[in-house]
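This note is written for a colleague who is meeting the structure for the first time. Please keep the sequence and the 3D view at hand while reading the numbered points.

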Amino acid sequence: MYTLVCRKGNILDYIKKDNYYITDTQQLAQEHDRQIIEESFADSETGRTVSEEEMRQEFGKYGWGK
């Protein structure tokens, strides 16, 4: 397994198999997920959330709350 650093600073692991380079983006995906989770906590701390009733009113036509 080798490591590659991209322009944006992301670090990807990869393996070389014959003439192919196969990247493992699991670590990058985990970092992305972690960032989304942290942002959602920030939203709740600053009051940027909606209530269940507001979600039902907005998205009830799509099946929310049923």
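1. Helix α2 covers residues 52-59, and both Arg 56 and Glu 53 belong to this helix. The two residues are 3 apart, which is about one turn of the helix. Their side chains meet in a salt bridge, with 2.8 Å from N to O. Arg 56 has a relative accessible area of 35% and is partly exposed. Glu 53, at 42%, is likewise described as partly exposed. The reader should bear in mind that the model is a predicted one.

2. How many salt bridges does the structure hold? The count is 3, and the pair in helix α2 is one of them. As background, side chains of opposite charge can pair when their charged atoms come close.

3. A further salt bridge joins the side chains of Arg 34 and Glu 31, at 2.7 Å from N to O. These residues lie in helix α1, which spans residues 26-45. Because Arg 34 and Glu 31 are 3 residues apart in this helix, about one helical turn separates them. Arg 34 has a relative accessibility of 45% and therefore counts as partly exposed. Glu 31, with 43%, also counts as partly exposed.

4. Arg 48 and Asp 43 form another salt bridge through their side chains, with an N to O distance of 3.3 Å. Is each partner buried or exposed? Arg 48 counts as exposed, since its relative accessibility is 62%. Asp 43 reaches 24% and counts as partly exposed; the cut-off for buried is under 20%, so this value does not meet it.

5. The overall layout may now be set out. The protein contains 2 helices and 3 strands. Read from the N terminus, the order of the elements is β-β-β-α-α. Of the contacts between residues at least 6 apart in sequence, 0% join residues at least 24 apart.

6. The surface deserves separate mention. Of the 66 residues in the protein, 6% are buried. The protein exposes about 6,200 Å², and carbon and sulfur atoms supply 50% of this area.

7. Strands β2 and β3 run antiparallel and are joined by 5 bridges. Strand β2 comprises residues 11-17, while strand β3 comprises residues 20-24. Two facing pairs can be followed in the 3D view. Lys 17 has Tyr 20 in β3 as its bridge partner, and Asp 13 stands opposite Asp 24 in β3.

8. Which residue takes a positive phi in the hairpin of β2 and β3? The residue is Asp 18, and the hairpin has 2 residues between its strands. Phi of Asp 18 is near 55 degrees, a positive value in a residue other than glycine. For comparison, most residues other than glycine have a negative phi. Asp 18 is found in the loop between β2 and β3, and a relative accessible area of 62% makes this residue exposed.

9. Tyr 20 merits a second look. Besides lying in strand β3, Tyr 20 contributes to a nonpolar surface patch together with Ile 15 and Ile 22. The area of this patch is about 300 Å². Tyr 20 counts as exposed because its relative accessibility is 59%, and the cut-off for exposed is over 50%.

10. The structure holds 1 aromatic pair. The rings of Phe 59 and Tyr 62 have centres 6.5 Å apart and planes at 40 degrees, so the pair is tilted. The reasoning rests on the angle: planes under 30 degrees apart would count as stacked and planes over 60 as edge-to-face, with the rest counted as tilted. Phe 59 is partly exposed, with a relative accessible area of 34%. Tyr 62 is exposed, with a relative accessible area of 62%.

11. Some points for review in the 3D view follow. The reader may locate the salt bridge of Arg 56 and Glu 53, then the salt bridge of Arg 34 and Glu 31, and then that of Arg 48 and Asp 43. The hairpin of β2 and β3 may be examined next, with attention to Asp 18 and its positive phi.

Definitions and conventions: Residues are numbered from 1 along each chain as its sequence is written. This is a predicted model: local features need pLDDT of at least 70, side-chain atom pairs count only at pLDDT 80 or more; totals for chains, interfaces and linings use all residues. Side-chain values use heavy atoms; hydrogens and water are left out. Patches are made of residues with over 30% relative accessible area and no salt bridge: like charges are joined within 9 Å, nonpolar side chains (Val, Leu, Ile, Met, Phe, Trp, Tyr) within 5 Å. Accessible areas come from the Shrake-Rupley method with a 1.4 Å probe; for residues, only the protein chains shown count as cover. A salt bridge is a side-chain nitrogen of Lys or Arg within 4 Å of a carboxyl oxygen of Asp or Glu. Helices (H or I, at least four residues) and strands (E, at least two) are DSSP runs, numbered from the N terminus. Buried means under 20% relative accessible area, exposed over 50%, partly exposed in between (1.4 Å probe, protein chains only). Contact means heavy atoms within 4.5 Å. Two strands pair if DSSP finds at least two bridges between them. Rings of Phe, Tyr and Trp (its six-membered ring) pair if their centres lie within 6.5 Å; planes under 30 degrees apart count as stacked, over 60 as edge-to-face and the rest as tilted.
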